[in-house]
Amino acid sequence: MLDFTFHNPTRILFGQNRIKDIASEIPAGSHVMITYGGGSIVKTGVMDEIKTALKGFTVSEFGGIEPNPTYETLMQCVARVKAEKVDFILAAGGGSVIDGTKFIAAAALYEGEPWDILETYGARVTKAVPFGTVLTLPATGSEMNCGAVITRKEFQAKLVFSHPSVFPTFSVLDPTKSFTLPERQLANGVVDAFVHVMEQYLTFPVQGGVQDRFSEGLLLTLLEEGPKALKDPEDYDVRANIMWVATLALNGLIGAGVPQDWATHMVGHELTALYGVDHARTLAVVLPAMMEARREEKKEKLLQYASRVWNLSEGSDEARMTEAIAQTRAFFEAMGIPTRLAAYDIGEEAIEKVCAQLTAHGLNKLGEHQSLPPDQVGKILAACL
Ligand code: NZQ
Ligand code: ZN
């Protein structure tokens, strides 16, 4: 029976020129801290637009949140939020800035050592400073969910936490703000969103008919629009569709009431923590091998995926599954993302290291059946070389 729980309080302000509307989303009189990354929002003019929209508020800034945001950097902002009595945060950037802001928001009101938040996956969070976002990179879905992934450099650990208090109160989704993305980041975004859908779709059937159709619609849209976005970076309609897909892929909608996998993500996080490979690139490497190794366990959904997403109707079950996996890999490659570890200069030695880190992080039973132990992950990684 379907267990359907879906709660999402984030208001979406979608379309061109929506930054000007943020003032009415923030309580009057707030001291607002703008958080951002390495400076892309300054170069592109997003920062100026935000400052114009925030006339009348007290405004501070915290820049320098890096891709795969680190505890070490974020704690500097936590100290400022506390000292300056900030009562609203505005995150402007991609998933890293938004995730980092979620941690800042929760850590600023946390009693105790904030790294606990990650070690307990968010279970001990009770409240957070409210925040909104201006999204510049469609990819993670962080703009409409309550999860975040934070790295602690000294431990080479990249861990996830989630808590309802870190849903953004609003998110501005203006597709034109993604026009300036380098190809690599655009491709990363398309592949990350694709894999988010796969983690919630490619499990086993539970008669979640509408979730399946939503998921297939999101995948097909990415297959259609992803390559177009690479060709013409300023096609508004293409960017708008990609932005909606990325947000809807991980805002709770398609995952409600259905089993979820996430093994590819957990293995990918360890690869990023150890080798600094972009998040989406780790997924492009791991997912095809994960699908291959678990094709029997996922057979029914894999055949459905082959038929409804890749239109494969000829040949044996085995042949269609093989072809669907090959097409998935080919799509990632066509987006410009290599799908073998060798392309990232990672060799066999990674296998043991990743498995040891999974064990250290208590990730011993991955997948929708909690049945994937680190030694099996090792075999999957061997197939990624
Ligand atoms: O830092 P700035 O200068 O802003 O530059 C960024 C960064 O270098 C640049 N960029 C962003 N928007 C731009 C732009 N450059 C030009 N024009 C623009 N409009 O892109 C680079 C990458 O940004 P980042 O935020 O790191 O990328 P992404 O959005 O892919 O986020 C990746 C992070 O999100 C986590 C990942 O693990 C990773 O740490 N994830 C978060 C999830 C969540 N909260 O639900 C789920 C995901 O599975 C993922 O794990
Ligand atoms: Zn992801």
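Before the close-ups, one term to keep in mind: a residue is called buried when its relative accessible area is under 20%, exposed when that area is over 50%, and partly exposed in between. Everything shown here comes from a predicted model.

**View 1. Four side chains hold the zinc ion (ligand 2).**
Look for D192, which offers its OD atom, and for H196, H265 and H279, which each offer NE2. These contacts to the zinc ion (ligand 2) span 2.0 to 2.1 Å. Along the chain, the donors follow the spacing D-x3-H-x68-H-x13-H. Two of them, D192 and H265, link distant parts of the chain: D192 sits in helix α6 (residues 183-201) and H265 in helix α9 (residues 263-275), 73 residues apart. Are D192 and H265 buried or exposed? Both D192 and H265 are buried.

**View 2. R184 and D278 form a salt bridge.**
Here the closest N and O atoms of R184 and D278 are 2.7 Å apart. R184 belongs to helix α6, while D278 is found in the loop between α9 and α10 (279-293), so this pair ties together parts that are 94 residues apart in sequence. The two partners can be compared by their accessibility. R184 has a relative accessible area of 45% and is therefore partly exposed. D278, at 15% relative accessibility, counts as buried because the cut-off is under 20%.

**View 3. D261 and R294 form a salt bridge.**
In this pair the closest N and O atoms are 2.9 Å apart. Where do D261 and R294 lie? D261 is in the loop between α8 (236-249) and α9, and R294 is in the loop between α10 and α11 (299-308), which puts the two residues 33 residues apart. D261 has 9% relative accessibility and so counts as buried. R294 is buried too, with a relative accessible area of 2%.

**View 4. E368 meets K298 in a salt bridge.**
The closest N and O atoms of E368 and K298 are 2.9 Å apart. E368 lies in the loop between α13 (349-360) and α14 (374-382), and K298 lies in the loop between α10 and α11, so the pair ties together parts that are 70 residues apart in sequence. Both E368 and K298 are buried.

**View 5. Several charged residues join in a network of salt bridges.**
Which residues take part in this network? They are E292, R295, K299, D317, E318 and R320. For the wider picture, the count for this model comes to 25 salt bridges.

Notes
Residues numbered from 1 in each chain as written. Chains lettered and ligands numbered in written order. Predicted model: local features only at pLDDT ≥ 70, side-chain atom pairs only at ≥ 80, totals over all residues. Heavy atoms only, no water. Donors = N, O, S within 2.8 Å, 3.2 Å for Na, K, Ca; no water. Helix = DSSP H or I, 4+ residues; strand = E, 2+ residues; numbered from the N terminus. Buried < 20%, exposed > 50% of the residue type's maximum accessible area, 1.4 Å probe, protein only. Salt bridge = Lys/Arg side-chain N within 4 Å of Asp/Glu carboxyl O.
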